[in-house]
Amino acid sequence: MTISEDLMNRAEAGGLRVTWTDLRGPSGRYDDDRREILLDLCLTEYQTRSVMAHELSHAQWRDRPTACAIEHERRERRADAEAAKMLVRPHEYAEAERVHGPHPGAIAAELGVCRWVVEAFQREARHGRGWTCAV
């Protein structure tokens, strides 16, 4: 699996540069001043897809650092949810859940995304935000 062409096209269409670098800590970061998404060199392919989608959300909203912990958490949850919408197709999720049950780790492995992407998908589905839960 390679980085989704769709994600790279979204970045390009948004005027964003994507750079792989040694971040020494976070797996990704969005720099609004430079309109750049930074991804850690050590990410696996599925981690890169997941983090890239998350950072694309920050770029779309032009998020900048904030000292307010509540606002920071709200932005992170929004970015996780939007990453899930970019990466998880409901019918593929439903099939993975049918095979593996509701276990986020097993579903994530099946779908080629990080566990937190599946957890965001499940959270959004529980709250009825545009997805249907698998039967």
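The following paragraphs describe the fold, the helices, selected residues and the salt bridges of a predicted model.

The chain contains six helices and three strands, arranged along the sequence in the pattern α-β-β-β-α-α-α-α-α. Along the principal axes, its C-alpha atoms occupy a box of roughly 45 × 35 × 30 Å. The radius of gyration is 15 Å, which agrees with the value near 14 Å for a compact globule of 135 residues. Of the 135 residues, 45% are buried. Among contacts with a separation of 6 or more, 48% link residues 24 or more positions apart. The accessible surface of the chain amounts to about 7800 Å², and carbon and sulfur atoms contribute 50% of this area.

Helix 2 comprises 17 residues, and the distance from its first C-alpha to its last is 25 Å, close to the 24 Å expected at 1.5 Å a residue. This helix is mostly covered, with twelve of its 17 residues buried. The buried positions run through Thr48, Arg49, Ser50, Val51, Met52, Ala53, His54, Glu55, Leu56, Ser57, His58 and Ala59. Just after helix 2, the backbone at Arg62 adopts a positive phi of about 55°.

Contacts to helix 2 are made from helix 1 (residues 5-13), where Leu7 is found, as the contact list of this residue shows. Leu7 has a relative accessible area of 0% and is therefore buried. When neighbours within four places in sequence are left aside, Leu7 is in contact with Arg49, Met52, Ala53, Leu56, Met86 and Leu87. Four of these residues, Arg49, Met52, Ala53 and Leu56, are themselves buried in helix 2. The C-alpha atoms of Leu7 and Ala53 are separated by 6.8 Å, although the two residues are 46 residues apart along the chain.

Helix 6 (residues 115-126) has twelve residues, for which a span of 16 Å is expected at 1.5 Å a residue; the 17 Å between its end C-alpha atoms agrees with this value. Its buried residues are Val117, Val118, Ala120, Phe121, Gln122, Arg123, Glu124 and Ala125. These buried residues pack against helix 2, helix 3 (69-87), helix 4 (90-100) and helix 5 (104-111). Gly128, just after helix 6, has a positive phi of about 65°.

In the strand region, Pro26 is located in the loop between strand 1 (17-21) and strand 2 (28-31). With a relative accessibility of 39%, Pro26 counts as partly exposed. The C-alpha atom of Pro26 lies 7.5 Å from that of Asp40, 14 residues apart along the chain. Leu41 belongs to the loop between strand 3 (36-40) and helix 2 (45-61). Its relative accessibility of 56% is over the 50% limit, and Leu41 therefore counts as exposed. Together with Met8 and Trp20, Leu41 makes a nonpolar surface patch of about 280 Å².

Side chains of opposite charge can pair when their charged atoms come close. The whole structure holds 14 salt bridges. Asp32, Asp33, Arg35, Arg62 and Arg64 are linked in a network of such bridges. Within this network, the side chains of Arg62 and Asp32 meet with an N to O distance of 2.5 Å. Arg62 lies in the loop between helix 2 and helix 3, and Asp32 in the loop between strand 2 and strand 3, so the pair ties together parts that are 30 residues apart in sequence. The two partners differ in burial: Arg62 is partly exposed at 44% relative accessibility, whereas Asp32, at 6%, counts as buried.

Asp32 also forms a salt bridge with Arg35, at 3.7 Å from N to O. Both residues of this pair are buried. Arg35 is situated in the loop between strand 2 and strand 3 and has a positive phi of about 50° although it is not a glycine. Arg62 likewise shows a positive phi, near 55°, in a residue other than glycine.

A further salt bridge joins Arg98 and Glu95, whose closest N and O atoms are 2.6 Å apart. The two residues are three residues apart in helix 4 and are thus separated by about one helical turn. Arg98 is exposed, with a relative accessible area of 58%, whereas Glu95 is partly exposed, with 38%.

How values were computed
Residues are numbered from 1 along each chain as its sequence is written. This is a predicted model: local features need pLDDT of at least 70, side-chain atom pairs count only at pLDDT 80 or more; totals for chains, interfaces and linings use all residues. Side-chain values use heavy atoms; hydrogens and water are left out. Patches are made of residues with over 30% relative accessible area and no salt bridge: like charges are joined within 9 Å, nonpolar side chains (Val, Leu, Ile, Met, Phe, Trp, Tyr) within 5 Å. Accessible areas come from the Shrake-Rupley method with a 1.4 Å probe; for residues, only the protein chains shown count as cover. A salt bridge is a side-chain nitrogen of Lys or Arg within 4 Å of a carboxyl oxygen of Asp or Glu. Helices (H or I, at least four residues) and strands (E, at least two) are DSSP runs, numbered from the N terminus. Buried means under 20% relative accessible area, exposed over 50%, partly exposed in between (1.4 Å probe, protein chains only). The radius of gyration is taken over C-alpha atoms; the globule rule is 2.2 Å times the number of residues to the power 0.38. Contact means heavy atoms within 4.5 Å. The expected span of a helix is 1.5 Å times one less than its number of residues.
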